[in-house]
Structures are given as C-alpha cells and as structure tokens.
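Please open the model in your viewer and follow the stops below in order. Each stop names a selection and then describes what is found there.

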Amino acid sequence: MAKVEKNTAVNGEIQVVAFKLRKEEYGFSILNVQEIKGLTDITRVPFAPDFIKGVINLRGSVLPVIDLKKRLGLQQEPYTDSTRIVIVQVDDISVGMIVDAVTEVLTIDAAHVDATKSISDSDNSRFINGIGKIDDRLIIMLNLEEIIALPGEAK
Amino acid sequence: MDTNQYMEMFLDESREHLQSLNDGLLSLENNPADLSVLNEIFRNAHTLKGMSATMGYNKIAELTHEMENLLDLLRKEQLKVNEDIIDVIFKCVDSLEQMIENVGNGEPEDLVDVSDLVKRVNAIANGNADAPAAAAPAAAAAAPAAGRLELTDTDRSVIEKARASGLLALEVHVELAESCLLKSARSYMVMNALDELGDVIKSVPPAEDLEQEKFDHSFDVVVVTASEAKVVEEAVNSISEITKVVVTELKPEAQEATAPEPAKAAPAASAPAAAPAAKPAAKPAASKAPAKAAASKAPAKPKAHAGQSVRVDIEKLDNLMNLVGELVINKVRLEQIGTTHRLTELTETLEQMDRVTTDLQSVVMKVRMVPVSSVFNRFPRMVRDLAKELDKEINLTIEGEETELDRTVIDEIGDPLMHLLRNSLDHGVEHPQDREAKGKPRTGEVGLIARHEGNNVVIMVTDDGKGIDADVIRRKAVEKGMITQEEADNMDDADAVRLIFLPGFSTAEKITDVSGRGVGMDVVRSKIEALGGHVDVETTLDEGSVFKIKLPLTLAIIQALLVKVQEEMYAIPLGAIDSTINITPDAIKTVRNKEVIVLRGQIIPIIRLGDVLSVPRAEGDANEDIFVVVVHLGDRKAGIVVDNLIGQMEIVIKTLGRLLVGLKVISGATVLGDGRVALILDVGALM
C-alpha cells in the first residue's frame, strides 16, 4: 500500500522507534516521533473517546494521550516504571502514545518489510502498515494516521 | 522582484481606501448634494490610483482613473449624481476590490475584465458633459522599467489627461543626506508626502527598490498634482535628512520629442522653485550627486507625527500572547512555592512582579484589540444591495462601532453577523406596502449595536419587522420531529423561539417562508459558541426582533474558579459565576424528579458535576458539606455541585487540539501552577 512507501526513508532503509506492547514489538517511523517521556500526570477528559487516556502538559502545551493498547484492542495492564509516553506528530497534530517500554531505534531494510495484513484479525488490520523483519525479530509497523483517526472518520 | 514587503502595505491601504469609497458612496447616495463627501470620495480614488500606479498595477490605476474622471465631473457639478452613476461607481469599486484581491493572491490584476465598465464610465462622462479628452485605455500594461525615468505610454496618457484637467505633472528630484541611516524610511515619507498632495505615477528607482534601499542617495518621482511646484517642494523639504529637492514641471512636448532621456533634461523652465533650480533638473537616480552645496538647504525640522502606528503580523501578536501566557503560568507556580514554603521575601517580590505581568498582559491584550468597525463597516453596503434586491426600504443604524474586541474574535464574527443581518432584512422587515398596511413607516429600521457589558461585549442586531411567531416555530419543530407535541405545549414562547438555533431546524429553504426566520441559525450559534460567546433572541410579534450576541473580551486569559470533584480539578470561568454557597445535603429538594435548591427565594436546579462528567467515585465518602457554585447563562441559573472549592485564579486558555474537538461541556484546558492540566467547563453546555 501507499502507506508503506510513505514510511520508506532514503536508501531503502526505514528508521523505526521500536517499543513493546505486552510481549510484542511495534514501531513508529522515526520521522513521526518527536520525543519520548516518562509517565506524568494525565488529566482524564470526560466525553472523549475511550482510547484517549487524557491530556498532559508538555512544556505549556496541552496534548492528548492515547492508550495504545486500548486502541489496538490489547489487554490492559497496570503501568510500570518502564511505561513511556511517545510523542508523535502526524499532520501537525501532536499526540502522546502510552507504550509499555521503548526498546531502541532500529534501521530496517525496506525490502524486509512485509506489507501483509492478513496476520492480524480484520478489525485492527487498518492500524498496521506491515511487519518489519530484522534478524529474528518482528516489528509491527503501525499506521499512525489510522490510530489517530480524526473525529469524523472515527467510528 | 520581491515586492512582498511593500505589497502587504499596498493591499492593506488599498482595502482601507476601498472601504472608505464604499462608505462615501453610501452616504453620497443618501445625500447626493453633499460636496464634501464627494471630495472625500475623490481623494480616496485619487490615492488609490497613485498607489496602484506606483506599484505598477496599471489596470487598477486605469480603472481608478476613469472613475476619478467621472467623480471629478460630479465634483465640479458638471454632472448630477444619480442612481445610475452611483451604481456604476459601485461596480467600479467592486471590480477594483476584485483586482486588488487577485493581486494579493499573486494572480495577475487583469483577470477581471473591466473594459465594459470603462466604456460605461466613459459613456456617462462623455455623454452628459464636456468630458475631458476621451480616455485612451491603452492596453499598455508595460511593467515599469527599472532604473530610468522612462515614461511609458500609460504614464504619458495619465500626464496628458492630468494636464487636460488643469493639473501639473511634476518631476521631483530628491537627495537624502549622506548620513541618512534609514533611507527607505525617508523615501517612504517622501512618497507619502507626495501622495497627500497628488498622485505619484512613477518613481525611479521603482518603489520596491526604494523600499529595500536599493538606491544611492537620490531618487526621482513623477507626481501629478493640483498643487504648485513650490508647495510640493516645501512638503518634501519638511522631511528631515533631505538635503535637496528639485521640482520640475514635465512638458509633454519635450517628452514626446525624445523618448526616455528628456525627462531628466527637461529645463527647469516653469518650475518656480526657489530651490537651486540651476541644477539640471532631476538627475538620473544612479548619479552620486553628492552636491555638498545642497547642504545650504537647511535640513528641515522633524515633523511631529500624530498617532504613529505600526502594522504587525497577527501571528507575532499571537506569539507574544502565548509567551505572556507562559509567564503567567510560571508566576502562578512561583506564587505557590512562596506560599508552600512561607518565603515572605519571595512573596513580596512576586507581588511586584504580579503588577508587572498584569500590566504586560493588559497591554498585550489591548494591542490585540480591534474596533468592531472593521467588521461593521462592510455592512452598510451589503444592506443597501440586499434591500434593493429584496425591494425593501431599510435604514441601517450602527452604534458603538468603536467598541473593541480581540482580533481573533473580530475575524470570526463577520459571518454570523452577516447572517443575522440578512435574516433581519429578508425575513424580519416587511415590504413597504405591508408595513404601511400595518401602520408602520415604510422604511424598516435595522440596527447593529455594539457595547460593553462587564467583561463582555454585546452585539445586537435589531429590526422593527414582523417578529417571530412562537406558534409557527412550535408547529414546525413538532413536524420535524425535533420535539414532541407535549414538549411544545409546555414550552414558553421565549424557549420556543430559541428552537431556531437548533441544528436541523433550518436546513430546508421552505421553512424560511413559513416561519419567517431561521436560515442557518444553528451555524450562527455554533460559531458564536466556539468563540466562547452566547447568542439569544427576543421577539415581539409585529414589533420586531433583537438578536443578542454576547462575546468575551478576550479568549486568551480569564479569571476562573478552580473546583475539585473527587480528585479531578476543573475551572469554571468567573464571568459565569454568580456566587458560591455551602449547603448540607438535606437542603437539596426534588421538584418533578429534578434536584433543586432554594436560594434567596429562587428555585435553582442543581447539576452534580461528578455525575455529569462521570468522575470515578472514591469509596464510602459521604460529604457532610456540599459546595454549590451558582452559575448563570443569560437569565437562567443553575447550581453546580462540587466537592471542594480550590480558589480563584488567572488561567491561560489552551485548546484541546484537533483530536478532541466538539466535546460537550469542556471548552478547553489550562495548565496549573503545579504543571497539571485542568479542564475548563463550558457552563452554557452544562445547563
């Protein structure tokens, strides 16, 4: 799909910020990642979609935070010391994503990204851009546009 | 060529002049014999022509010129003002507006075809009076040649026509002091001075080069003016750091004889200039011409400038506002530290700082304030056109146009107001014959009134039309399935009329025929509410309606009361709060299944904030005391039940971002002194 190409950086390589949700490894294109910060006070926002955990203060700006596991339909676990908020930016919108742990920045050969979506169940497949392979690790590349899904396109 | 810097100014000023033209024409239409208005209009057209010619927009200059010819005839009373003429001039102004907008969008000015219009203007001018030599529209749209004082055909025809109408074409050679640091500023002042006297049709080097200081110490300008050369010279000389001014009259014959050069060689003949006329008039701009002798001309004393102003990009102001916002947040944080650790010295210093930040804040706020006239002044024209179209007689009264509002509000308020005005004209005010039948004056009165009301600005659109029939609204709402018959029956008239603000009420065109009102009223409401404002309507059948918009003075920093519900903090804008009271649980009564309290004899419904916002309940807390924040919206009141009152503070409003738009009840967020985020409640939505 076009989205895969969009993540492709120069020289056919993709740089990815890899992080964990439960046992699996996921990745955002590094081009979208602004910064990574520890868990801070999150203010709950009434009437917001349930996957939006709330808002945080990032140096004076108010930013929504998405609970990524909830968004992807994964089982919830209490936050730990390694829980992080990854601040990403898509189309001028900055959003925080709560992940279990950030592992590292990886460089994946674009040729090793498999665009297959059939592995996941249909409902959540729209969130996935493809699977990146590096050695024997599998990194699930996430589609940020879909995850952020602006109101209106959200169900 | 990069003309951007100059461009913005040109656009802004052109728009201003067009606006004054519109205003002037409107008052001329009502008062055709008023020569002073005509003169004003003429001056505006004149300046506009000069500016556009300087910028090299020949088409705009040309059309303005034709228009000016016509105005001149009117001014000299060789032609009588009539509706036809006014209409044509209005058309000209419209076309000019279009052209200038095109230019502003980086499109060519000639996208608008004005040849027909020019012909009409000419026909009127020629047909009815001894018009000056028929305009030679000369498609010569030649770009102004850079560097030399070379007159294009258009320039020459402008000069020619100017001479025909008894004006002088002068060439002004200006030399700046070598010590002059801000050459562009001086040249700008010169241009301005010349503009006031007449009409700058050309400059060498071109205006944008002057603006960017791409010239030595001298430049030449051709100006068409009614003033004498001496007057022009004095005007320029009064600007400081000018060492030398030479004014020469341009002789058309001379120019035609030898093409580009002659202008410079033109003898100083008729220029009665007391200036060192011996100097060959106007040197080529490139000439260094240090001319120490020129120093003999005493540098004029700097002119006192009344009301100086600077145009600033609104983005810069927004930025400034944000920074002040940050400052306020940090000040509050420091205050908390001072209080927590009981640091008297810090607290005292902070009190000082508090004064400074408050002042700073109010200054920044004031800087962002714009009088509502900038929105209002486009309405008279619209009302005139619409009244004509609808075949109604309408008198628009505008009051309080000097009332100031935050720039962001101003930008957004235009459309809703236009909507309301259209509604009043279209559906409120009746046709003259109907009005007469009802015993009202033929002319309908429509008012647009702005005024301060506490920390708000109220804008009202009033009319003395037929009003809104609450029964018709009820019936329609029931038909549309928006309310049940029973609800309709229980609703008082005021509430029924408010139904027009509901979405869905007004989508179909035919409703307007029946109900009389309601085109897109929900759009008006949502726009106003997005601005933190509130719109309401009062109406009396056959007497008219009043639409009342209440807007906050500013959107950025407000006073709010912080309240606590369980562990969550919320901010309630102080403007909406009447009082806070402390009651016991048994003070809450039930009326028709709704919880109310009685406050000073008034029954007030209560809202349990924790329930509305579904705040997670902590176990086993039975509050002895209940805090109630009594809020009001219009004349309605409600009590908001919270667990605790934290206190009043200044908060900086932040948006929740695009991801969280359109949330009920929450209008924004703010960062508290301790870095946590608190949400701001939308009291209107709560009620």
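**First stop: a residue in a helix**

In this predicted model, select Gln98(B), which is partly exposed because 14 other C-beta atoms lie within 10 Å, a count between the limits of 12 or fewer for exposed and 20 or more for buried. Gln98(B) has its place in helix α4 of chain B, which covers residues 83–104. Next, add Asp110(B) to the selection: it stands 12 residues from Gln98(B) along the chain, and the two C-alpha atoms are 9.9 Å apart.

**Second stop: the whole of chain B**

Now select chain B, which holds 24 helices and 22 strands. Of its 687 residues, 40% are buried.

**Third stop: where the chains meet**

Display both chains: 21 residues of chain A are in contact with 24 residues of chain B. On the side of chain A that touches chain B, β4 (52–58), β5 (61–67) and β7 (93–99) each supply at least two residues. That side consists of 15 nonpolar, 4 polar and 2 charged residues.

**Fourth stop: the nonpolar cores**

Select Val55(A), Val86(A), Met97(A), Ile572(B) and Ile640(B); within the largest nonpolar core, of 80 residues, these touch the most other members. Strand β1 of chain A (residues 13–21) gives the largest share of this core, 6 residues. The core lies between domain 3 (316–358) and domain 5 (557–686) of chain B, because both give residues to it. Then centre the view on Val86(A), whose contacts include Val17(A), Phe28(A) and Met97(A). Finally, turn to another core, which lies apart from that one and has 72 residues, including Met99(B) and Leu250(B).

Methods:
Residues are numbered from 1 along each chain as its sequence is written. Chains are lettered from A and ligands numbered from 1 in the order in which they are written. This is a predicted model: local features need pLDDT of at least 70, side-chain atom pairs count only at pLDDT 80 or more; totals for chains, interfaces and linings use all residues. Helices (H or I, at least four residues) and strands (E, at least two) are DSSP runs, numbered from the N terminus. Two residues are in contact if their C-beta atoms, placed from the backbone, lie within 7 Å. Ala, Val, Leu, Ile, Met, Phe, Trp, Tyr, Cys and Pro count as nonpolar, Asp, Glu, Lys and Arg as charged, and the others, Gly among them, as polar. A nonpolar core is a set of buried Ala, Val, Leu, Ile, Met, Phe, Trp, Tyr and Cys residues joined through C-beta atoms within 7 Å. Domain bounds come from an automatic or database domain assignment. Lists of a residue's contacts leave out its neighbours within four places in sequence.
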